[in-house]
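Hi everyone, thanks for coming. I'd like to walk you through a structure that's probably new to you, so have a look at it first and then we'll talk.

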Amino acid sequence: MNNHFVIPGGYKKWTTGLMIVGVVTLLAAIIFLHPLAGNKGDNVLGTRFWAVLLQNSMYWLMLVNTAMFFMCITTVAMGGWQVAFRRITEAISSVVPVMAVIMLIVILSIVFGHRYDIYPWLDRNAVAADKVLRGKSGFLNPTFYTGASIVTLGLWWFIGKKIRQFSLESDQHGPMDFETGKRWINKNVAWGAFFIVVYGLSVGSTMPWLWLMSIDAHWFSTMYSWYTFASTFVSGIALITIFVIYFKNKGELEYVTHEHLHDLGKFIFAFSIFWAYLWFSQYMLIWYSNQPEETKYFIDRIGTARHVGAYKGLFFFNLIVNFVCPILLLMKKGPKRNYTFMTFMCVMIIFGHWIDFYQMVMPGTVKNHPHMSWYEFGIPVGFVGLIMWSVARYLSKVPLLQKNHPFLKESIIHHT
Amino acid sequence: MEVWRGFNMIKKFVVGCFDDEKVLFPAIKNVRRAGYKIHDVYTPFPMHGLDHAIGIRETSLHTAGFIFGITGTATALTGMGWIFTKDWPLNIGGKPHFPLPAFIPITFELTVLFASLGMVWTFCYLCQMMPGVKKHHFHPRATDDLFVLVIECSAKTNESEVAEFLQRNGAMEVNVQEAETGWWFGRYDKEQKLYRYEEVGY
C-alpha cells in the first residue's frame, strides 16, 4: 500500500474536463443569460442564471460540509468504526473553504445586486408596502443576511480546519499511550461538540431559513431546516460512500471491508426514511389545515385541481427517487454490502437530492418557466469536478490511513 | 436411542462446560471439524460471532418481519379505504373520501404494529420459547459464568468418545444427559453446515 495516494492520469483528465465544462457553461451563461441586466421587465434568463448558481453552490457546499458533521458525530459518540476511512471524510470536508468562497460570491452578488427576483425581501418598496415582509424585516435584511452567512461559513471553515489539524498532528508521532490517547480523543470530542452546536444552529435552524426559505418570503415552515438538513446529510453520506468505494477499488484503504460499507448503507437507508418523514410532516400538516398562506408553497409546485403546476412531475419524482427507491432497494443486507450496487444507489441519491434542491429554489424564482437544459446540468458538472479534484489533491498530500488513531483497531475488527 | 413421547423425543446429549471464550471458540471449530452435531451453545451473555462459529444458517426473521409489515400496510389501507368510501363515507372538512396523506400515519402505525408483534411471535416460535414451555437446562451455571457446549448424539454416537474429545479440547466439566427436545409445535432443527477448511473463522 502506498502511503500517499498517487492521482491516476485518467482521474486528473476527467476532473479537469468536468471543471472546464463547468467554467465554459458559466461563461456561456454570462454571455447568453444576461445576468447583469437587472430585474426590470421579464428577465427570466437573468433570474435563472442566479437561481441555478444559488441552488448549486448551496447544495454542494452543504454536501461537503456534511463530511465534517459526520466525523464530529461519530467522534462525539466514540464511534471507532469510521477510523479506517476517516481521511476520506477529512478530505471531503477540506473542500468546504473553496465552496464557501464560491457560495459567498454568489449570495453577496445576489444581495448587493438587489436581485429581488431571487429574494423578494430585497425590494425596499415592496417591503414597505407589505405587512408580512415588514414584520420579518428585522431578520430578512441584507446586513443580517450577510453577517450571519459570513459568521457561519467562517466557523465551518475554522473548526473544520482545527479538527483536520488534530488528525494530521497525530501522524507526526508514534502510537499514543493510554493517557495521550485519552487527551487526544477528549480534544477531538470538545471541538467536535462545538462543531455540532454550530452546525445545529446553522444547518439545523437558521441558515436554510435565510438562504432558501426566504425565496418564498411570505411562506414559513418550522420543518424546513430539518428537511434541508436531512436532505444534505443523506446525500453527504452517499458522497463519502462513493469516495470510499473509489479508493477501495484503487487498492487503497486496506482496512475497509464490506462491514464498513454495510454501516454506511445503513446510514443512507435510515436517513432516506428520515428525509421522507420530514417531507411528509411538512406536507401533511399544510395539506390538512389548508391555510392559504401555507398551501401557496405547494400550489406553486404541484398546482391545483384545475391548473397543473409546472413542477408537479419533478415534485413526485423527488419522492420516488429519494424515498421509495432507497427503502425498497436498500432494505436487504446483500445490496448494502455490494460495491457496484451501492455506487449506483449513491449516485442516484446525490442526483435525487440535487433535484430536491432544484424544486426548493426554482418555483419561487423562475416561477412558471422551469428550465432543465445545458445550464442547469453544466454548472453541477463543474462542481462535481471541483470536489473530485480537491479531494484527490488533499489525499495525495497526506497518508490515507490515520495510523495512530486510538480507535484504529476497533475499526479494523469492525463487524456489523 | 431415540424414544418418542408424543411429538417430542428423548435424546442423548454430551454437555461440555468451558470457562473461557478463548478456549470455547477453537473447541467449537474442532467439534465441527470432527463432524459432531452441535445442539446449541448456551452463554451467559450474547457473544459476537458465535452464530457464525456454530455454523447455523442465517435467520429468516427479517423476511418474516417484512411480510408481517406489508400485511399491516395492506390491512390499514384496505380497511380505511373500505370504511370511508363504501361503508360509511363522511365529509370531513371537505377532504376527499380517500385522503391518502391523512391515512399515512395510521398505515405506518399498523405496519409497525404488525411487524413488531409478528416478529416477536416468530422469534418465540423459532427459539421454541413461550411462557409455560418447559426447557431442559443443561447446566445451571449457563446463565452465570459458564459457556455450555451441547452436542447431540445419534444412535451410532459413542458418548464416552465425544466426552473425551471435549475434555481434550479444554472442557472443564463434561457429562452425558438425556433430555426432551422440541415442543408442542414440532421442532426447529438448526441446519448445520459442515466445517470447511477454507472457511474464515474465529
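Let's start with the contacts inside chain B. Take those with a separation of 6 or more: 81% of them join residues 24 or more positions apart. Please keep in mind that this is a predicted model.

So what is chain B built from? You'll find five helices and five strands. Reading from the N terminus, the order goes β-β-α-β-α-α-α-β-α-β. Chain B has 202 residues, and 17% of them count as buried.

Okay, on to where the chains meet. On the chain B side, five residues are in contact with six residues of chain A. Those chain B residues split into three nonpolar and two polar, with no charged ones.

Now for the helices. Which two should you look at here? Helix α10 of chain A, residues 258–289, and helix α4 of chain B, residues 100–126. Their axes come within 9 Å and cross at roughly 130°. An angle over 145 degrees would count as roughly antiparallel, and 65 to 115 as roughly perpendicular, so α10(A) and α4(B) are oblique to each other. As for the handedness, α10(A) passes α4(B) in a left-handed crossing.

And who makes the contact? From α10(A) you have Phe280(A), Tyr283(A), Met284(A), Trp287(A) and Tyr288(A). From α4(B), look for Pro101(B), Ala102(B) and Ile104(B). By type, that contact comes out as eight nonpolar residues, no polar and no charged.

That's my tour, thanks for listening.

Note on methods: Residues numbered from 1 in each chain as written. Chains lettered and ligands numbered in written order. Predicted model: local features only at pLDDT ≥ 70, side-chain atom pairs only at ≥ 80, totals over all residues. Contact = placed C-beta atoms within 7 Å. Nonpolar A, V, L, I, M, F, W, Y, C, P; charged D, E, K, R; others polar. Axes fitted to C-alpha atoms, helices over the stretch in contact; angles between N-to-C directions. Helix = DSSP H or I, 4+ residues; strand = E, 2+ residues; numbered from the N terminus. Parallel < 35°, antiparallel > 145°, perpendicular 65-115°, else oblique. Left-handed = near helix turned anticlockwise from the far one by under 90°. Buried ≥ 20, exposed ≤ 12 C-beta atoms within 10 Å, placed from the backbone.
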